[in-house]
Amino acid sequence: MDGYHCYWGKCSYCNRPSSHRDLRRRKDINLNVELPDYHKIIRIGTDALKPSEMRLLRKLPSPVRLELYKLSIRFDKASAEAFSEAYTGLPFVVSGSLEFPTDRMWKIMNKGYNTKELIESLNILNDLGLTITGGFILGWNCLTENDLTELERFFDKLPVFKKFLLFMFNLHIYPGSMISDKYEVGHKIYNKAFYFGYTPKISPEQEALNNRAFKIVEAGTKGKGIIVNHIQDNTKGS
Ligand code: SF4
C-alpha cells in the first residue's frame, strides 16, 4: 500500500487517515530501484504496518548499498509477534510509540492496548537485538498524581535495551482529531512536513505535572539503554 495512513486510525490525538480507499495497492514489495549511495535508510512507508501484513517483510531483499530498513508498528503484542515471525535478520529499526504509558492514559488516547502488553511487545522486539525508537508525548491537560506513580513503575519494569531512542514530543492538537475540542489552543501553529496542528494551552497545575513526568522519564531511562532525544518544536506565531 502506498501512502501515509494507519490501519488503526483511532488514537484520540491523531488525525491520520485509516481509509485505504485512495491509496495505491501493492501486491508485493518491489524495490528494484537504483539508489544512490547516500541513501542509508529505506522507510517502509506506512503508519503502522498491520500484523497480518508483516509476512510481506519476508520479501525484502538484503541491503546491498543500503544500511537499514525502518518500519513503524504499533507496540501491541500481535504486531510484535507478527514482526518476530516475519523477521529474517535484516538490519531494521522498528519504530512505535510510548506516548504516555499508563493504563488510564492509554484509554484516553484510545490506543487499543495497555501497559502490560506494551512491555511484552518491547521485550519481544528487544530479544531480536534490534534498534527500537519510540515517541513520548508531554503537554497533556489531564494528568493525575496516579499517572506519575504508574509512570515510575513503567520504567522500573522495562528491560535493558540493546538500543532504544526515545523522542520527546510536545502534544499538538490536530484538526479532526478526537481531542480537538477538549483543549484550548493558542495561535501557535505546529508546522512540519506532512502535518500541522495547534499548540495547546494548559493550566499551571497541569504544566507542573507534565514537568514532573519529564523528570521521571529522565530518571527512569538511566541504565536502560535508552537515549532521550528532544524534538525541536517548529511552531509559528507568538
Ligand atoms: S497515533 Fe499512530 S497508531 Fe494511532 S492512529 Fe495515529 S498513526 Fe495510527
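How many helices and strands does the protein have? In this predicted model, the protein has 5 helices and 9 strands, and read from the N terminus these elements follow one another as β-β-α-β-α-α-β-α-β-β-β-α-β-β. The protein holds 238 residues, of which 26% are buried. Among the contacts between residues at least 6 apart in sequence, 75% join residues that are at least 24 apart.

## Strands that pair

Several strands pair in the parallel sense, and the table lists these pairs with the bridges that join them.

| Strand pair | Sense | Bridges |
|---|---|---|
| E1 (residues 41-44) and E2 | parallel | 4 bridges |
| E2 (residues 68-72) and E3 | parallel | 4 bridges |
| E3 and E4 | parallel | 6 bridges |
| E4 and E5 (residues 163-170) | parallel | 8 bridges |

One can follow a path across these strands, residue by residue. Ile 44 stands opposite Leu 71 in E2, and Leu 71 in turn stands opposite Val 94 in E3. Val 94 faces Ile 132 in E4, while the bridge partner of Ile 132 in E5 is Phe 164. Another facing pair between E2 and E3 is formed by Ser 72, which stands opposite Ser 95 in E3. Strand E3 is mostly covered, with 7 of its 8 residues buried.

## Helix H3 and its two sides

Helix H3 comprises 13 residues, 115-127, and at 1.5 Å a residue it should span 18 Å; its end C-alpha atoms are indeed 18 Å apart, so the expected span and the one in the model agree. Which residues of H3 are buried? They are Leu 118, Ser 121, Leu 122, Leu 125 and Asn 126. Seen down the axis of H3, the buried residues fall within an arc of 130°, and therefore they line one face of the helix. A general rule helps in reading such a pattern: an α-helix has 3.6 residues a turn, so residues three or four places apart point the same way.

The buried residues of H3 are covered by parts of the protein that include helix H1 (77-86), strand E3 (92-99) and strand E4 (131-138). On the face of H3 turned away from the buried side, the exposed residues are Lys 116 and Asp 127. Just after H3, Gly 129 takes a positive phi of about 75°.

## Phe 155 in helix H4

Phe 155 is found in helix H4, which covers residues 145-157. Is Phe 155 buried, exposed or partly exposed? Phe 155 has 16 C-beta neighbours inside 10 Å, and therefore counts as partly exposed; a buried residue would need 20 or more such neighbours, and an exposed one would have 12 or fewer. Leaving aside its neighbours within four places in sequence, Phe 155 is in contact with Gly 220 and Thr 221. Lys 222 lies 67 residues from Phe 155 along the chain, and yet the C-alpha atoms of Phe 155 and Lys 222 are separated by 9.5 Å.

## Around the ligand

Which residues surround the ligand? The ligand is surrounded by Cys 6, Trp 8, Gly 9, Lys 10, Cys 11, Cys 14, Arg 16, Asp 47, Ala 48 and Arg 74. By kind, the residues of this shell divide into 5 nonpolar, 1 polar and 4 charged.

Notes
Residues numbered from 1 in each chain as written. Predicted model: local features only at pLDDT ≥ 70, side-chain atom pairs only at ≥ 80, totals over all residues. Near = placed C-beta within 6 Å. Nonpolar A, V, L, I, M, F, W, Y, C, P; charged D, E, K, R; others polar. Helix = DSSP H or I, 4+ residues; strand = E, 2+ residues; numbered from the N terminus. Contact = placed C-beta atoms within 7 Å. Expected span 1.5 Å × (residues − 1). Arc of directions from axis to C-beta. Pairing = 2+ DSSP bridges.
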